[in-house]
Amino acid sequence: MNNDFRSRVILPIVLPIVVLLSIAAFVGAVSMSLLYSTHEGSLMLAAVAAAGILFTVSLASSHDRLTPARRGVLIFAAALPIVAGGAIAAGVIGDIDDADRMVNVEPLLAIPDDAPVIAAENSVEFCLLEEDGSCEAVERWEVTPSAEEENLSFVFENLEAAVPHNVVITEIDGSVDDPSPGAEFTASTLIDGVATDYHVADELTWDELPDDWYFFCAVHPIMNGTGTVVDADEAA
């Protein structure tokens, strides 16, 4: 009866479930350890975890030769990354500032469909992308803020291969007719080559911008213009 129960229930049903739960617990524990370590520490722990998994699988595949000593080694190989990662995450090993832990890395930003877009296809002037794929030169940028983002935000598209560009937004020093850059409000990431940047000024809302402001490229100041914020009804 015991053998029958073992062959019909334990081995085909219970054992696989236990194995899957063990794997899930192992992956979860290692993942948490990686999050609460630094970038370099996470790479080291990932390498140790991978080596432990390979070693464990290698030993487990030779189950007919698993002596008590080898079973002890197998358990040690599986537990090492969890123990080491947990010690690092808890601060027992090393001294990691909370701000340096991987858990503080910003997630990928989802770009709102209605985010304002400006682009650079040469080193002379910015342009606004049209629906047909063309890019119309712009010196007066009328921006309609995204309904999904209260803070100042926009998409910058660098369309010029192997040439760095960004967008810097500042006060206007002088007049709208003869502007020059004043105090800086925010600046997008400097993009070297064809790529997209969604820039969000975390501490600046659209309402805090003056009626008119200045924008330019930090690398090519000749690329510049003035901007203003308009609502959706005015833009229409």
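The following questions and replies go through the terms used for this predicted model and the values behind them.

Me: What does the protein chain contain in helices and strands, and how much of the chain counts as buried?
Reply: The protein chain has four helices and 12 strands. Of its 236 residues, 32% count as buried. The accessible surface comes to about 14400 Å², and carbon and sulfur atoms hold 58% of that. Among contacts with a separation of 6 or more, 65% are between residues 24 or more positions apart.

Me: Why is the contact between Arg140 and Asp212 called a salt bridge?
Reply: The term requires a side-chain nitrogen of Lys or Arg within 4 Å of a carboxyl oxygen of Asp or Glu. The side chains of Arg140 and Asp212 meet at 2.6 Å, N to O, so the pair qualifies under the 4 Å limit. The structure holds one salt bridge.

Me: Which parts of the chain does this pair link?
Reply: Arg140 is in strand E4, while Asp212 is in the loop between E10 and E11. The two are 72 residues apart, and the pair links distant parts of the chain.

Me: Why are Arg140 and Asp212 called partly exposed?
Reply: Buried means under 20% relative accessible area and exposed means over 50%, with partly exposed in between. Arg140 has 35% relative accessibility, so Arg140 counts as partly exposed. Asp212 has 26%, and therefore also counts as partly exposed.

Me: What makes the side chains of E4 an alternating set?
Reply: Trp141 and Val143 point to one face and are buried. Arg140 and Glu142 point to the other face and are not buried.

Me: How do you know that E4 and E12 are paired?
Reply: Two strands pair if there are at least two bridges between them. Four bridges join E4 to strand E12 (residues 224–229), so the condition for a pair is met. The two strands run parallel. Arg140 stands opposite Thr226 in E12, and the bridge partner of Trp141 is Gly227.

Me: Which strand pairs with E12 in the antiparallel sense?
Reply: E11 pairs with E12 in that sense, over four bridges. Phe215 has Gly225 in E12 as its bridge partner.

Me: What makes E7 a partner of both E8 and E11?
Reply: Pairing needs at least two bridges. Six bridges join E7 (residues 168–174) to E8 (residues 179–187), and three join E7 to E11. Both counts reach the cut-off, so E7 pairs with each strand. E7 runs antiparallel to E8 and antiparallel to E11. Asp173 stands opposite Ser180 in E8, while Ile169 has Phe215 in E11 as its bridge partner. A hairpin joins E7 to E8 through four residues.

Me: Which residues touch the most other members of the largest nonpolar core?
Reply: They are Ile118, Phe126, Trp141 and Val167, out of 20 residues in this core. Strands E1 (117–120), E4 (140–143), E5 (151–158), E10 (195–205) and E11 (213–216) each give two or more residues to the core. E5 gives the most, with three residues. In soluble globular proteins, nonpolar side chains tend to be buried together.

Me: What is Trp141 in contact with beyond its neighbours within four places in sequence?
Reply: Contact here means heavy atoms within 4.5 Å. Among the residues in contact with Trp141 are Ile118, Leu128, Phe154, Val167, Trp213 and Phe215. Thr226, Gly227 and Thr228 are also in contact with Trp141.

Me: Why is Val27 called partly exposed?
Reply: Val27 has 45% relative accessibility, which is not over 50% and not under 20%, so Val27 counts as partly exposed. Val27 lies in helix H1 (residues 2–35). Leu20, Ile23 and Val27 form a nonpolar patch on the surface, with about 290 Å² of accessible area together.

Me: Why is Leu80 given the term partly exposed?
Reply: Its relative accessibility is 36%, so Leu80 counts as partly exposed. Leu80 is in helix H3 (residues 68–89). The C-alpha atoms of Leu80 and Val48 are separated by 7.9 Å, with the two residues 32 apart along the chain.

Me: Why is Ala162 called exposed?
Reply: The cut-off is over 50%. Ala162 has a relative accessible area of 68%, so Ala162 is exposed. Ala162 is found in the loop between E5 and strand E6 (164–165). Its phi is positive, about 65 degrees, although Ala162 is not a glycine.

Definitions and conventions:
Residues are numbered from 1 along each chain as its sequence is written. This is a predicted model: local features need pLDDT of at least 70, side-chain atom pairs count only at pLDDT 80 or more; totals for chains, interfaces and linings use all residues. Side-chain values use heavy atoms; hydrogens and water are left out. A nonpolar core is a set of buried Ala, Val, Leu, Ile, Met, Phe, Trp, Tyr and Cys residues joined through side-chain atoms within 4.5 Å. Buried means under 20% relative accessible area, exposed over 50%, partly exposed in between (1.4 Å probe, protein chains only). Patches are made of residues with over 30% relative accessible area and no salt bridge: like charges are joined within 9 Å, nonpolar side chains (Val, Leu, Ile, Met, Phe, Trp, Tyr) within 5 Å. Accessible areas come from the Shrake-Rupley method with a 1.4 Å probe; for residues, only the protein chains shown count as cover.
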